[in-house]
Amino acid sequence: MALRSLFANAPRPRPALTVAAIFLGAVLTTLQGRLFSSALPDLRGQFGLDVLEAAWLGTALNGAQLVTMSIVPWLATIIGPTRILVTPSLCLGFATLLIPAFAHNYPMLVILHAVAGLCMGIYLPLTISLGLRSVHPRLWLVVMAA
């Protein structure tokens, strides 16, 4: 019961926990993008990929993020940010665990990167929308800068 109440939309809001989780997710999403670009030469060497195939890995990741980013603010308004955050976060953890274990060929690597991109696309729009909803309009520039 306690686990269910943690993931459900509560009668009283828990904005500090939600905002902290979403800002952490946004930071980790940005960090993952930087780490991916620095690890791309290693992936090319490990899988024997040419430049074009390696570029498609980044395209699958970033394209999937952009697909998810467009719908997340609406879903967060309808369903709630906590519910939007939990499932893709668990799916992202599962997909990143599967990449080293099961991505032994190029198509599986592209699919798992696309799944990870779909899950990572939730953090940045949630960060911006919750930040803008939580503060006074004169502080919106500070929220956008953060």
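## Exercises on a helical chain

Leaving aside neighbours within four places in sequence, Leu126 is in contact with Ile22, Val72, Ala76, Pro81, Ile84, Leu85 and Gly131. Let us start from there and work outwards. Please keep in mind that this is a predicted model.

**Exercise 1. Describe the setting of Leu126: in which helix does it lie, and is it buried or exposed?**

Step 1. Find the element. Leu126 belongs to helix 7, which covers residues 123–134.

Step 2. Check the accessibility. Buried means under 20% relative accessible area. Leu126 has 0% relative accessibility, so it counts as buried.

Step 3. Look along the chain. Leu126 and Gly25 are 101 residues apart in sequence, yet their C-alpha atoms lie 9.5 Å apart in space.

**Exercise 2. Follow one contact of Leu126 to Gly131, and work out which residues Gly131 touches beyond four places in sequence.**

Step 1. Place the residue. Gly131 is also part of a helix, namely helix 7.

Step 2. Judge its exposure. The relative accessible area of Gly131 is 9%, and therefore this glycine is buried.

Step 3. List the partners. With residues up to four places away left out, Gly131 touches Leu126 and Val143.

Step 4. Add a distance. From C-alpha to C-alpha, Gly131 and Met144 are 8.0 Å apart, with their positions 13 residues apart in sequence.

**Exercise 3. Work out how helix 5 and helix 7 are arranged: at roughly what angle do their axes cross?**

Step 1. Read the geometry. The two axes come within 11 Å and cross at roughly 160°.

Step 2. Turn the angle into a direction. Angles over 145 degrees count as roughly antiparallel, and that makes helix 5 roughly antiparallel to helix 7.

Step 3. Note the handedness. Helix 5 and helix 7 have a left-handed crossing.

Step 4. Name the residues that meet. Helix 5 brings Pro81, Ile84, Leu85, Ser89 and Leu92, while helix 7 brings Tyr123, Leu126, Leu130 and Arg133. Here you meet Pro81, Ile84 and Leu85 again, which also appear among the contacts of Leu126.

Step 5. Sort them by class. The contact of helix 5 with helix 7 has seven nonpolar, one polar and one charged residues.

**Exercise 4. Now take the other partner of helix 5, helix 6, and find how far apart their axes are.**

Step 1. Read the geometry. Helix 5 (residues 81–102) packs with helix 6 (residues 106–120) at an angle of about 160°, and their axes are 9 Å apart.

Step 2. Assign the direction. That angle makes helix 5 roughly antiparallel to helix 6.

Step 3. Give the handedness. Helix 5 passes helix 6 in a left-handed crossing.

Step 4. List the contact. On the helix 5 side are Pro88, Cys91, Leu92, Ala95, Leu98, Ile99 and Phe102; on the helix 6 side are Met108, Leu109, Leu112, His113, Val115, Ala116, Cys119 and Met120.

Step 5. Classify. The contact of helix 5 with helix 6 has 14 nonpolar, one polar and no charged residues.

**Exercise 5. Compare this with helix 3 and helix 6: which way does helix 3 run relative to helix 6?**

Step 1. Read the geometry. The axes of helix 3 (residues 51–69) and helix 6 come within 7 Å, crossing at roughly 30°.

Step 2. Assign the direction. Angles under 35 degrees count as roughly parallel, which makes helix 3 roughly parallel to helix 6.

Step 3. Give the handedness. Helix 3 passes helix 6 in a right-handed crossing.

Step 4. Pick out residues. Helix 3 contributes, among others, Trp56, Leu57, Ala60 and Leu61, and helix 6 residues including Tyr106, Leu109 and His113 take part.

Step 5. Classify. The contact of helix 3 with helix 6 divides into 13 nonpolar, four polar and one charged residues.

**Exercise 6. Examine His113, and find which residues it touches beyond four places in sequence.**

Step 1. Place it. His113 lies in helix 6.

Step 2. Judge its exposure. His113 has a relative accessible area of 6%, so this histidine is buried.

Step 3. List the partners. Beyond four places in sequence, His113 touches Phe36, Leu57, Ala60, Leu61 and Ile99.

**Exercise 7. Step back to the whole chain: how many helices and strands does it have?**

Step 1. Count the elements. The chain has eight helices and zero strands.

Step 2. Look at burial. Of its 146 residues, 32% count as buried.

Step 3. Look at the surface. About 9200 Å² is accessible, and 73% of that belongs to carbon and sulfur atoms.

Terms used
Residues numbered from 1 in each chain as written. Predicted model: local features only at pLDDT ≥ 70, side-chain atom pairs only at ≥ 80, totals over all residues. Heavy atoms only, no water. Axes fitted to C-alpha atoms, helices over the stretch in contact; angles between N-to-C directions. Helix = DSSP H or I, 4+ residues; strand = E, 2+ residues; numbered from the N terminus. Parallel < 35°, antiparallel > 145°, perpendicular 65-115°, else oblique. Left-handed = near helix turned anticlockwise from the far one by under 90°. Contact = heavy atoms within 4.5 Å. Nonpolar A, V, L, I, M, F, W, Y, C, P; charged D, E, K, R; others polar. Buried < 20%, exposed > 50% of the residue type's maximum accessible area, 1.4 Å probe, protein only. Areas by Shrake-Rupley, 256 points an atom, 1.4 Å probe, with all protein chains shown as cover.
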